Amino acid sequence: MMIIAQIILTIFLPLLMIGIIRKLKALFQNRTGPNLFQPYFNLFKLLKKNQVISQDSSFVFIISPIISLGLVIFLSFLLPWLPFNKAVFESNIFLVVYLLALLRFLTIISAIDTGSPFSSFSTSKEVTFAVLLEPAVILSFLALAIFYKNTNLFYIFSSNQTVTLNQIPVFILFAMSLFLTSIVEFSRAPVDDPNTHLELTMIHEAMILENSGLNLAIVEYTYSLKLLLFLFLMSSALAHCLLIWWHLSVFAMTCLTVFIVFLLLILLSFIEVFTVKLSFNKIPNFIAYALTFSFLAVFSAIVNRS
Amino acid sequence: MTINHVNIQIENLGNELKKLLKQPNKRLGLLTSIDGSQLITLVLNTDSHSVDVINSDLLDKNSYSSLSASIPQAHWFERTLYEMFGVFPKHHPRLKSVIFNDSNNLILPPLANKTIIRDVNQVDTSFINIEAENVYIVPVGPVHAGIIEPGHFRITCVGETIINLEIRLGFLHRGVEKQMTKIPYAKTSYLASSIASDTSIANSLANAIAIEQLLNIDVSERTLYLRTLALELERLSMHINDLSGMCTDIAYSALAMELARLRGIVFNMADNLTGSRYFRYFIGPGGVRKDCDKNLIVIKKLLKELKNKLFKILFHILNNFSFTQRLDNIGKLSRSLANDFNMVGVVARASGIQYDTRSIFNQGIYPQGIFKIAKENNGDVLGRTKVRIVEIFNSFEILENVLDNIKSGDAKVDLNHKLSPNSFGVGIVESFRGELIHLIVTDNSGFIKRYSIKDPSFNNWTGLAIACRNNLLSDFPICNKSFGLSYSGHDL
C-alpha cells in the first residue's frame, strides 16, 4: 500500500513541483504565470516530437539519459524522503553520494558526446563546481552518520528513534547545507539562471542543448525528480526535529513534510526572483558556504553524540 | 546650424585633420565620399555649434594614403569607404571587411560612380587568429539563442578570460543609402523612419532637419515642441528597455519584468502622440504628421503615472548593493580610448566625455541649462547603467517642461518641390544611443545625389570590442547589453 503511494507520488509530484516553482516566480514578478500543469503539457509535447540527434554523437548520448532516469528512480527507493517509505533496498549514505556522482558523470558524458562547443564549454564549468561541491554533500550526509553511528539512512530517519534536543542542530545544519548544495546542483539562481538561454552564461541549459524530443523529456523529468528528492529530504530532516515535542502519526508527518517542501519552494523561487546572479568567479565562494554548513554539521554531530 | 565649406588637398588632409581634432571642441563626425572621387569629412565644432565640411578631391586613381594610423577615429570609416566606393586607403593598419564578408560580394563597390573592381588579394575577410597553448576560440552567432538581430562575435579566450573579441557585422545590409537616392525626397522620411526600428524618431528627425536645411525653411515652434516630446519619449522607452535587458542578463527577473511592464506605458504615450506604439512615421520634413491637442492631456496623465512607479524602481536599482556590486568594474572603457575611437552617446558619457548633441545642435526645444549632462567617470557597465538612469530622470524633466510650455499653432509647413541644388544638408540628432548624423548632398538639378547615415552604433562597436578584453567570458552578455548597440543601424 505504502509502496504504491510512493510510486504514484514519484510519478506525479516532480513536474507539479516545477509547475509550482514557475507559478510562484510569476506571482513574485506580478505576472499571472503559466498553468500549474504546464510542465506535464510540455512533457507530452516533447514525447510526441521527433528526436534530432547529432551525427557526431554515439550511443552514449541516447542511452545516458535513460540510465540517469533509472538511477534517480533507484535513488528514490534509497532515500527516506517520505515518512512512510520503507527500505526496499539496503540504504547506505555512501551509496547515495556516489550514485549522485555517477548521475553527474552520465550527464557530463552525454553533454560532451555531441561535440557541441557550448555543451563541452559549460560541462567544464559544471565539473569545476561539482569538484568543489562534492565534499559538501559527503560531509553533510556524514554528519548524520556520525551522530547515529550508522550509515543506514532509513535507520537515521526512522520515527521510532528516540529524539533528543541534541540532534536539532545536526538536522538543521544538514538541511541548510543540502539547500545551498541543491542551488548549485540544480543550477538555480544565484548560481545559474534556469530561464536564460544566453550562450555564454548558461550552465545547465547548455548541457542539455542538444537533447530533443523523448530524450529531452527524460532529462527534464530526471531533473525534476532529483530536485524533488533533495527537497523532500531537507524537509524530512526539518520535520524530524519536531518529533521532540510532538509525536506525530505517519499521515501527519507526511502532511508536515509536504508543507515544509512548499515553504522551501517559496524560498527557492523568492531567491530566484530577487537575487542578482553571481559573477562566475564568485560561485566558489557560494559553494564555500555550503561546505561551511557541512563542517558545522559534522562538528555538532561529534560534539552532541551521546 | 551653419555649414562651413573647406577645401583641403588630399595629401594634407591627414595632418590638417589631426591638428583640428587635437582641439578639445572639435570632433570627427563623418568621413565618407559622394561618388568615390573625393573624400568628405565632417568636423563638428561643439563650441560654435557649426559643422565644417571638408572636401578633398582624390588625385590618385581611387587611392590615398590612409588616415587611420594618425587618426584612429577614421579606421572604421575608411574600411567602409573601401567597401562602398572602392577607395583604397594605402597603409591602413587593418583593412578588414565591414559589410561584405561573403566572398561573392567582395569585388564590386556598390556606391562608386564607375565600375571599380577591387583587387581580391587586397580584400581581407579574416579573423585575428591567436594560436597558443590554452587559447581557445568561441564563435557566437550570427544566429543567437533569442530574438535579437544577427551579429557574429569571435571570442578568443584563455580560461574564462577574454583576450580578444572580434565583431563581424553586415548581415543586415539592405542598401539603404543607395535606395535613399532613388526615391523622391519627400519619401525619404518614411524610409529613414524604418532603417532601425528602435531609432525611428531620431532617424526621421535627422532626415527632417537635413531636408529642411536643403529647402531653406524654418519649422514652427509647436513642431519643435512636438518633436522634442517624441524624441524624449523614444529615449525613455529605449532606456527602460535597456535597463530591463540588463536585469534579465543578470537574472534579476523581478525588476526585468517590472520595467518591461512599465515600458508599456511609454508605448501608450507614443500611441497617443504619434498614432503608433512604435513611433512610426511621426516626423516628416516641415513638421509632424499628427497633431492632436486632446491627447497631450492624456500623455501628461500617463507621464505622471509612469513617474510615480518608475522612480521608485530606479532608486531601488541605484541602492541595491548586489546589483551595483555585480556590474562594478566590468567592461571598462578608459576615457582616452573612448576619445581615440570617437565614442558617442551613453558610452562616451559613462567614460567621462561630456558630449551630448542636444546641448549643441538644434533638434528641438532644449534650452540651455534645463538638463545637466549625465556623466560617470569609471567607464564600466555600472557607469553606463547609471548614465541611463540619470538620463531617464532628465527626460522626465524635459518632458514635463515641454508639456507645460507647449505653444499652440500649426505644426506643418508647406514644402517646395525642389531641394536647393549642389548643397549639403546635415541633420545631427542625439538618439538614445548617441550622436546620429544624416548627410544629404544634392546634384545640379536638386535631386539627392548622396545620402549618408552615421548611426551611433557605427562608432561604438569598436568600443565594445575593446571594453570586453580581460573580462570574464560569462560577463560578455552584460558588457554587450550595457553598450546596447544596433545591428541594423550599423549595417544599413
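**Exercise 1. Strand partners in chain B**

Determine which residue of β4(B) is the bridge partner of B:Leu42, and describe how β3(B) and β4(B) are joined.

*Solution.* Step 1. In this predicted model, B:Leu42 has B:Val53 as its bridge partner in β4(B).

Step 2. The pair belongs to a longer ladder: β3(B) and strand β4 (residues 50-57) of chain B run antiparallel and are joined by eight bridges.

Step 3. The connection between the two strands is then examined. β3(B) and β4(B) form a hairpin with four residues between them, and B:His49, which lies in the turn, has a positive phi of about 55°.

**Exercise 2. The second hairpin**

Describe how strand β2 of chain B is joined to strand β3 of chain B, and state which residue of their hairpin takes a positive phi.

*Solution.* Step 1. Strand β2 (residues 26-32) and strand β3 (residues 38-45) of chain B run antiparallel, with six bridges between them.

Step 2. One of the residue pairs is B:Thr32 with B:Ile40, the latter in β3(B).

Step 3. Five residues lie between the strands of this hairpin. Among them is B:Gly36, with a positive phi near 100°.

**Exercise 3. Assembling the sheet**

Establish the order of the strands in the open sheet of chain B, and identify which strands stand at its edges.

*Solution.* Step 1. The remaining strand must be placed. β1(B) and β4(B) run parallel and are joined by six bridges; B:Asn4 stands opposite B:Asp52 of β4(B).

Step 2. The open sheet has four strands in the order β1-β4-β3-β2 (chain B). Its pairing is mixed, with β1(B) parallel to β4(B) and β3(B) antiparallel to β4(B).

Step 3. The edges are β1 (2-7) and β2 of chain B; each has a single partner strand, so one side of each lacks a neighbour in the sheet.

Step 4. On average, neighbouring strands of this sheet are turned by 25° against each other, direction ignored.

Step 5. Helix α1 (residues 10-22) of chain B packs on the sheet and touches β2, β3 and β4 of chain B. The direction of this helix makes about 10° with that of β3(B).

**Exercise 4. The contact between the chains**

State how many residues of chain B are in contact with chain A, and which element of chain B gives the most to that side.

*Solution.* Step 1. The contact involves 23 residues of chain B and 22 residues of chain A.

Step 2. On the side of chain B, the elements that give two or more residues are β7 (135-140), α7 (253-274), α9 (321-327) and α14 (476-483). The most, five residues, come from α7(B).

Step 3. By class, this side of chain B has 13 nonpolar, four polar and six charged residues.

Step 4. The confidence values should be read alongside the contact. The predictor gives the complex an ipTM of 0.85 and a pTM of 0.89. For chain B, the average pLDDT is 86, and 98% of the residues score at least 70.

**Exercise 5. The largest nonpolar core**

Name the residues that touch the most other members of the largest nonpolar core, and the helix that gives the most to this core.

*Solution.* Step 1. The core has 223 residues, of which A:Ala143, A:Phe174 and B:Ala230 touch the most other members.

Step 2. Helix α9 (residues 213-241) of chain A gives the most, with 18 residues.

Step 3. For B:Ala230, neighbours within four places in sequence are left aside. The contacts are then B:Ile201, B:Leu273, B:Thr274, B:Phe279, B:Phe282 and B:Ile283.

**Exercise 6. Positive phi outside glycine**

Decide whether A:Lys149 is buried or exposed, and do likewise for B:Asn342.

*Solution.* Step 1. A:Lys149 has a positive phi of about 55° although it is not a glycine. Its place is in the loop between α5 (117-148) and α6 (153-157) of chain A.

Step 2. B:Asn342, also not a glycine, has a positive phi of about 60°. This residue is in the loop between α10 (335-340) and α11 (345-350) of chain B.

Step 3. A residue counts as exposed with 12 or fewer other C-beta atoms within 10 Å, and as buried with 20 or more. A:Lys149 has 9 and is therefore exposed, whereas B:Asn342 has 25 and is therefore buried.

Key
Residues are numbered from 1 along each chain as its sequence is written. Chains are lettered from A and ligands numbered from 1 in the order in which they are written. This is a predicted model: local features need pLDDT of at least 70, side-chain atom pairs count only at pLDDT 80 or more; totals for chains, interfaces and linings use all residues. A nonpolar core is a set of buried Ala, Val, Leu, Ile, Met, Phe, Trp, Tyr and Cys residues joined through C-beta atoms within 7 Å. Two residues are in contact if their C-beta atoms, placed from the backbone, lie within 7 Å. Two strands pair if DSSP finds at least two bridges between them. pLDDT is the predictor's confidence in each residue, from 0 to 100. Ala, Val, Leu, Ile, Met, Phe, Trp, Tyr, Cys and Pro count as nonpolar, Asp, Glu, Lys and Arg as charged, and the others, Gly among them, as polar. Axes are lines fitted to C-alpha atoms, for helices over the stretch in contact, and angles run from 0 to 180 degrees between N-to-C directions.
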